[in-house]
Amino acid sequence: MDMMPLDLPTLFPLILALLATALLLLRRQKHPKNGCCNVPKGTMGWPFIGETLEFLSPHRSNSIGTFLQQRCSRYGKVFKSHLFGSPAIVSCDNEFNMFILQNEGKLFQASYPKAMQGILGQYSLLIVSGEHHRKLRGIAVSFSAMSKSSPVFHSRIEKLAFSMFESWRGRREISFLEEMKKFTLSLMVKTVLSIDPEEPVAMRFLQDFRTYMKGFISLPLNVPGSAYAKAVKARARLSRTVKEIIKQREMTTTTPAPARTCSNDGNCGDGITTTSSGEENGDFLEVILSKHSSIRQMNDDEKVSSVLDIVLGGYETTSTLISLIVYFLHRSPAALLAFKEEHEAIRRNKGKGQPLGWEDYQKMDFTRNVTKEAVRCGNLVKFLHRKALQDVEFKGHLIPRGWKVLPVLAGPNLDPSLHHDHLQFNPWRWTEDKEIGKKTMGYGGGPRVCPGSDLAKVMVAFFLHHLVLTYRWKVKEDEYPIAYPYVEFRNGLQVEIEPVESHV
């Protein structure tokens, strides 16, 4: 008996059925189930781009945004998606987030997009893992611990703050976030490299660093003229500048400095200026050029990455944090009054013009609560990038090996089941709720918790001490913080300022 020929319309359903069966078998093989756990529910979005654009859609930073609100409502606080080119598990659950971050290097590891790696370099703290990460992070932690109580560091903060206030003389309105970026970047360049902001090498460094920063918020298109391509080139120039400074510092610490001919602006013809030798002591470059065994083994590229990581951490998040505090204090008159009273009390106990010290910072209890509440409400860091190293089961969920895992720090911070009046800026909650530290994740967690957070808190407290006693401010009504996911303000935080009686 002859067989009937199969034409295309007849074959098409069969082909679809075979493909569906093959994909199902492949999925089961790749993501095994043990009878108790399933991959969380969710949607994968469009081919290739998944739901990345929706996930990154700008929204008020004191909210988790429409994307997360809708999916948490539909699927729960842990759901699946397709983000940054990979299938992903997204978590807004506090317990789940803690589990992810505390198992760094065991079940999960940092996994930032390749585009970001192209800007940061292969030795950045955000990129490296394992023993390499522990070594580099230890250096950053040591410097932070050494500097936070250093009178030299405190003096730098105050001098730069006074210089900035002087530049505001006669002005009625300022773009506050922009001013804070100038302040924190100048402070970090001085603290890390002992370079004064007005030096030519500092001006070049500041310009390149800001170009470098713009690359983090650009499309990863490495084509001539794009923000990303400019950032990659700026990073290369920054690397050369830091290596020049390292080379000169090594020469001046081993041999007498040769006679040099320098212009009136301090430029000595080699890109490095006469005041850039670290003579004030205590800068970060001095730490990484020390003879400690773990540091001695660092290559030049590791040293450069360490320098840029410290500058990056002290610049971007700290300037935004100060701006968030100014924003939230303006909207909470009771908190602003208590904040000002704390700093007036500290100033009354000091002589005229006497600088702040470590013992003064230790008295700033309410200031620290204000800072922590601004971090909780403003969400400086919305989420982190991780990857599952193996199939992981937790709380009835399966996280397949190789999938991205995105712990959303803003989730627990703004969870109404964890915080009373969760959208209300209330610094007093940090005294009233003894468990709040376990229910918020302002600076990450686990082995990768921010190594410079304590140093940043001192910068914030000392600057705001002088600000609240020198100026009154009023934030424009149409201003609010926006997550891009990095935090910006709608109009750069336009603030009307009015001087009060000098306290110095």
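**Exercise 1. Which side chains meet in a salt bridge with an N to O distance of 3.2 Å, Arg-134 being one of the two?**

Solution. The structure is a predicted model, in which local features need pLDDT of at least 70, side-chain atom pairs count only at pLDDT 80 or more, and totals for chains, interfaces and linings use all residues. Residues are numbered from 1 along each chain as its sequence is written, and side-chain values use heavy atoms, with hydrogens and water left out.

Step 1. A salt bridge requires a side-chain nitrogen of Lys or Arg within 4 Å of a carboxyl oxygen of Asp or Glu. The partner of Arg-134 is Glu-131, at 3.2 Å from N to O.

Step 2. Both residues belong to helix α6 (residues 130–147), where they are three residues apart, about one turn of the helix. Helices (H or I, at least four residues) and strands (E, at least two) are DSSP runs, numbered from the N terminus.

Step 3. Relative accessible area under 20% means buried, over 50% exposed, and in between partly exposed (1.4 Å probe, protein chains only). Arg-134 is exposed because its relative accessible area is 52%; Glu-131 is exposed as well, at 54%.

**Exercise 2. Describe the salt bridge between Asp-454 and Lys-457.**

Solution. Step 1. The closest N and O atoms of Asp-454 and Lys-457 are 3.8 Å apart.

Step 2. Helix α19 (residues 453–470) holds both residues, three residues apart, about one turn of the helix.

Step 3. Asp-454 is partly exposed at 36% relative accessibility, and Lys-457 is partly exposed at 21%.

**Exercise 3. Locate the two residues of the salt bridge between Lys-395 and Asp-93, and describe the backbone of Lys-395.**

Solution. Step 1. The closest N and O atoms of Lys-395 and Asp-93 lie 3.1 Å apart. This pair links distant parts of the chain, 302 residues apart: Lys-395 is in the loop between β7 (392–394) and β8 (397–399), while Asp-93 is in the loop between β3 (86–91) and α4 (94–102).

Step 2. With a relative accessible area of 42%, Lys-395 is partly exposed, whereas Asp-93 is buried at 13%.

Step 3. Although Lys-395 is not a glycine, its phi is positive, about 50°.

Step 4. For the wider setting, the whole structure contains 27 salt bridges. Glu-51, Glu-54 and Arg-71 are linked in a network of such bridges.

**Exercise 4. How are the axes of α9 and α13 oriented, roughly parallel or roughly perpendicular?**

Solution. Step 1. Axes are lines fitted to C-alpha atoms, for helices over the stretch in contact, and angles run from 0 to 180 degrees between N-to-C directions. The axes of α9 (residues 200–214) and α13 (residues 300–330) come within 12 Å and cross at roughly 80°.

Step 2. Angles under 35 degrees count as roughly parallel, over 145 as roughly antiparallel, 65 to 115 as roughly perpendicular and the rest as oblique. Helices α9 and α13 are therefore roughly perpendicular to each other.

Step 3. Contact means heavy atoms within 4.5 Å. Phe-205, Phe-209, Arg-210 and Met-213 of α9 meet Leu-308, Val-311, Leu-312, Tyr-315 and Glu-316 of α13.

**Exercise 5. Analyse the crossing of α13 with α16, and place Ile-325 within α13.**

Solution. Step 1. The axes of α13 and α16 (residues 365–378) come within 9 Å and cross at roughly 95°. Helix α13 is therefore roughly perpendicular to α16.

Step 2. On the α13 side the meeting residues are Leu-321, Leu-324, Ile-325, Phe-328 and Leu-329; among those of α16 are Val-370, Thr-371 and Ala-374.

Step 3. Ile-325 is found in α13 and is buried, with a relative accessible area of 0%. Leaving aside residues up to four places away in sequence, Ile-325 touches Val-370, Thr-371, Ala-374, Val-460 and Leu-464.

Step 4. The C-alpha atoms of Ile-325 and Gly-378 are separated by 8.9 Å, the two residues being 53 residues apart along the chain.

**Exercise 6. Where do Asn-379 and Pro-485 lie, and what are their backbone features?**

Solution. Step 1. Asn-379 lies in the loop between α16 and β6 (386–388). Asn-379 has a positive phi of about 55° although it is not a glycine, and it counts as buried at 3% relative accessibility.

Step 2. Pro-485 is in the loop between β11 (481–483) and β12 (487–489). A cis peptide bond, with omega about 25°, joins Tyr-484 to Pro-485.
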